[in-house]
Amino acid sequence: IKWTEGRGWHDAQLVPYAPLSIDPANMTLHYAQAIFEGLKAYRQPDGSVATFRPEENAKRFAASARRLAMPELPVETFIEACDVLVRQDKEWVPASGEQSLYLRPFMFATEVGLGVRPSNEYLFVVIASPAGAYFPGGVKPVSVWLSQEYVRAAPGGTGAAKCAGNYAASLVAQAQAAEHGCDQVVWLDAVERNWIEEMGGMNLYFVYGNRIVTPSLTGTLLPGITRASLLQIAADLGYEVSEGRISVDDWKDGNADGTLTEVFACGTAAVITPVGSVKSTTGNWTVGDGKPGEVTMRLRKALLDIQTGAAEDTHGWMHRLG
Ligand code: PMP
């Protein structure tokens with residue numbers, strides 16, 4: 001779907017997957033007005049297909065657009081575009097289990113010109129790809145590197161938006177994590193370099209027995225849809241769940257004295273991933289016993305059961321496509 005200044009959204013098209021040609025002076029290449037979303041369509045037990053909370057992705061997409069001075073795509077249009085693609089590609093939604101059809105809606109500037117200002121033309125596109133189970137051989141805890149040198153987002157920046165530049169800025173820290181033998185980066189706040197924010201592509205949860213805490217949405221982390229869903233599911237299951245501040249020392253000390261029992265990350269890609277070990281410039285430690293925890297696995301099953309239709313969708317989160 002195209003957008004042009006003075007005309008708004010127009011020319012929706014369903015076309016075969018093909019390369020787009022880009023002018024060297026395309027404004028996205030220079031000024032990075034590029035935002036995206038990620039969501040999944042799951043096969044249901046009766047053979048139908050459903051996406052998980054697409055309205056939330058649509059709202060976050062609109063918020064990202066506002067932050068990058070891009071036009072807002074109406075929530076209904078975002079959902080309709082995803083629906084059209086999923087219906088067209090229905091046979092590409094895997095038959096069962098944790099497999100899914102991953103949808104990638106995105107928008108970028110298409111005007112040609114040099115000079116820093118918002119583009120007067122944009123293109124909104126949705127592409128799709130089947131995605132296998134994130135952990136084909138069983139859930140495996142990840143190791144994380146606390147990034148004390150680089151930050152992902154600063155107050156007033158674009159941290160709460162899902163824009164391409166945030167990911168470009170994260171790549172050196174991700175490489176640093178790999179150099180230290182870690183799977184993922186954990187980002188700290190930009191001001192004090194002390195408060196836990198989130199992981200490279202997932203939000204974090206800290207489990208203290210029956211009490212569960214996730215870092216508050218301070219404006220510098222992405223408001224994850226999986227994170228929001230787990231606040232609800234954890235409460236449904238009787239856990240005492242809250243949003244709050246967790247420092248590096250809270251993590252280290254809670255781990256040492258045994259009050260912090262589990263840590264997990266959550267996001268559309270992996271659903272829930274246990275965090276097994278931490279490395280940082282100020283010390284390394286194993287989280288709990290380093291194995292997937294009981295609460296982590298219980299919440300993982302509860303969420304996946306809703307997504308795959310094995311449990312009742314009591315919150316009306318599944319968007320059924322027939
Ligand atoms: N944080 C970041 C930086 C991400 O890229 C993602 C993935 N969209 C998340 C958190 C998790 O968000 P969600 O649960 O909506 O996938």
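**A tour of one helix pair, one strand residue and the ligand shell**

Begin by selecting P54, E55, A58, K59, F61 and A62 in helix α2, which meet V75, F78, I79 and C82 in helix α3. The residues of this contact divide into 8 nonpolar, no polar and 2 charged. The model in view is a predicted one.

Next, display both helices in full: α2 covers residues 54-67 and α3 covers residues 75-88. Their axes lie 9 Å apart and enclose an angle of about 125 degrees. At that angle, α2 is oblique to α3. The crossing of α2 past α3 is right-handed.

Now move to V263, in strand β14, which spans residues 262-267. Is V263 buried or exposed? V263 counts as buried because 26 C-beta neighbours lie inside 10 Å, and the threshold for that class is 20 or more. To see its contacts, select L204, F206, V207, V275 and V287; neighbours of V263 within four places in sequence are left aside here. For a longer view, add L321: V263 and L321 are separated by 58 residues in sequence, and their C-alpha atoms are 35 Å apart in space.

Finally, centre on the ligand. Which residues surround it? Select G38, E198, G201, M202, N203, L222, G224, I225, T226, R227, G267 and T268. By class, this shell holds 3 nonpolar, 7 polar and 2 charged residues. Colouring by secondary structure then brings out helix α6, residues 225-236, which supplies the largest share of the shell, 3 residues.

Conventions
Residues numbered from 1 in each chain as written. Predicted model: local features only at pLDDT ≥ 70, side-chain atom pairs only at ≥ 80, totals over all residues. Axes fitted to C-alpha atoms, helices over the stretch in contact; angles between N-to-C directions. Helix = DSSP H or I, 4+ residues; strand = E, 2+ residues; numbered from the N terminus. Parallel < 35°, antiparallel > 145°, perpendicular 65-115°, else oblique. Left-handed = near helix turned anticlockwise from the far one by under 90°. Contact = placed C-beta atoms within 7 Å. Nonpolar A, V, L, I, M, F, W, Y, C, P; charged D, E, K, R; others polar. Near = placed C-beta within 6 Å. Buried ≥ 20, exposed ≤ 12 C-beta atoms within 10 Å, placed from the backbone.
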